[in-house]
Amino acid sequence: MAGSPSRLAQSPCPVARFRRYTTAIDHELAPAWLPWPAADPGLNSFVWDEDEASRMTVLIASMVPPPADATWRERHRFRAEVTELLAARYGRWTCGWHWALGEGGGGGVVVSWCCESHSVGEPEVTAAKVVASLLEWRDWLEELAERFAELAPPAGVDAEDRSWHLERAAVRLVTVVLDRTGHECGWYSLCHTVLTWFLSSTGMGPEDAREAVKAAIGGRFKSWTEPPRTLVDAVGEDLAVGLTGERPYRDR
């Protein structure tokens, strides 16, 4: 990202714009609001091979708008149509294929795609970017599922033990998101989603999970700003205490 840190910190971050655009056609296909059961790779199989890659590349290439017609609206329409195609073929989990890193993508994790103005071009090249982004997004979901299983509180633990596990999970997951996004524009949106998914994976309802995460973070994470470890720890503790009423152990 070009520019000085001070200028970037003052620049408006288009996360709200990203959310508006992703929900303009179909709210069900907005990745930031995708419920974990719809994203969980354990519940949503994905069969991919060279033949499938070839078929999808050709099909997506045929959907790319001609250069003469490639206005912003046409590029955005292309992205929406591709999202609908992928969701119909493989499932709703695919809607995050374009949730790209930084300002252009709304604070996501995908690096193979940037934004419509930079990523939509020659049909074959554009289609290859879509396919690479889809596979990258799938890899991210599979990584998260593994982490969630490792970090989940064991069944039957008391409130104090559960609090410790929840705090540890929150801190580690926030750190993972920070590492993958470089705390660029809107990174906290992905952080909200990942923590909500984690709580959902432990059995919480999506709305309760979303509200718990919102209360714990409390607007303290900012674009282009890496939070100090003390803040990350505080968010983890606030989430744990809010859900269990107990402070985590400090001697583990």
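Here are some worked exercises on the predicted model shown above.

**Exercise 1. The overall make-up**

Task: Find how many helices and strands the protein has, and what share of its residues count as buried.

Solution:
- Start with the secondary structure, which comes to 12 helices and 0 strands.
- Next, read along the sequence: the pattern is α-α-α-α-α-α-α-α-α-α-α-α.
- Then turn to burial, where 47% of the 252 residues count as buried.
- Finally, take the contacts between residues at least 6 apart in sequence; 66% of these join residues at least 24 apart.

**Exercise 2. Checking the span of two helices**

Task: Work out what span helix H10 and helix H12 should have at 1.5 Å a residue, and set each against its end C-alpha atoms.

Solution:
- The expected span of a helix is 1.5 Å times one less than its number of residues.
- Helix H10 covers residues 187-201, which is 15 residues, so it should span 21 Å.
- The end C-alpha atoms of H10 are 21 Å apart, in agreement with that value.
- Helix H12 covers residues 229-244, which is 16 residues, so it should span 22 Å.
- The end C-alpha atoms of H12 lie 22 Å apart, and again this agrees.
- Now look just beyond each helix. Glycine 203, just after H10, takes a positive phi of about 115 degrees, while glycine 245, just after H12, takes a positive phi of about 75 degrees.

**Exercise 3. Burial in H10 and H12**

Task: Say which residues of H10 and H12 are buried, and what covers those of H12.

Solution:
- In H10, 12 of the 15 residues are buried, leaving this helix mostly covered.
- Among the buried residues of H10 are Trp187, Cys191, Val194, Trp197 and Phe198.
- In H12, the buried residues are Leu231, Val232, Val235, Gly236, Glu237, Leu239, Ala240 and Thr244.
- The cover over the buried residues of H12 includes helix H9 (159-181), H10 and helix H11 (206-217).

**Exercise 4. H10 against H11**

Task: Describe how H10 and H11 cross, and name the residues that make the contact.

Solution:
- Two packed helices are described by the angle between their axes and the distance between the axes.
- The axes of H10 and H11 come within 8 Å and cross at roughly 130 degrees.
- That angle makes H10 oblique to H11.
- The crossing of H10 past H11 is right-handed.
- On the H10 side, the contact is made by His192, Leu195, Thr196, Leu199 and Ser200.
- On the H11 side, Pro206, Ala209, Arg210, Ala212, Val213, Lys214 and Ile217 take part.
- By class, the residues of this contact divide into 7 nonpolar, 3 polar and 2 charged.

**Exercise 5. One residue in that contact**

Task: Decide whether threonine 196 is buried or exposed, and list what it touches beyond four places away in sequence.

Solution:
- Threonine 196 is found in helix H10.
- Its relative accessible area is 8%. Buried means under 20%, so threonine 196 is buried.
- Leaving out residues up to four places away in sequence, threonine 196 touches Pro206, Ala209, Arg210 and Val213.

**Exercise 6. Two helices that meet H8**

Task: Describe how H4 and H5 each cross helix H8.

Solution:
- Take helix H4 (residues 50-63) to begin with: the axes of H4 and H8 come within 8 Å and cross at roughly 125 degrees.
- H4 is therefore oblique to H8, and the crossing is right-handed.
- Thr57, Ile60 and Ala61 in H4 meet Pro123, Glu124, Ala127, Val130 and Val131 in H8.
- This contact has 6 nonpolar, 1 polar and 1 charged residues.
- Now take helix H5 (residues 72-90) with helix H8 (residues 123-151): their axes come within 12 Å and cross at roughly 50 degrees.
- H5 and H8 are therefore oblique to each other, with a right-handed crossing.
- Phe78, Val82, Leu86 and Tyr90 of H5 make the contact with Thr126, Val130 and Leu134 of H8.
- The classes here are 6 nonpolar, 1 polar and no charged residues.

**Exercise 7. A glycine after H5**

Task: Place glycine 91 and decide whether it is buried or exposed.

Solution:
- Glycine 91 lies in the loop between H5 and helix H6 (102-105).
- Glycine 91 has a relative accessible area of 19%, so it is buried.
- The C-alpha atoms of glycine 91 and serine 45 are separated by 8.8 Å, with their positions 46 residues apart along the chain.

Technical notes. Residues numbered from 1 in each chain as written. Predicted model: local features only at pLDDT ≥ 70, side-chain atom pairs only at ≥ 80, totals over all residues. Heavy atoms only, no water. Helix = DSSP H or I, 4+ residues; strand = E, 2+ residues; numbered from the N terminus. Buried < 20%, exposed > 50% of the residue type's maximum accessible area, 1.4 Å probe, protein only. Axes fitted to C-alpha atoms, helices over the stretch in contact; angles between N-to-C directions. Parallel < 35°, antiparallel > 145°, perpendicular 65-115°, else oblique. Left-handed = near helix turned anticlockwise from the far one by under 90°. Contact = heavy atoms within 4.5 Å. Nonpolar A, V, L, I, M, F, W, Y, C, P; charged D, E, K, R; others polar.
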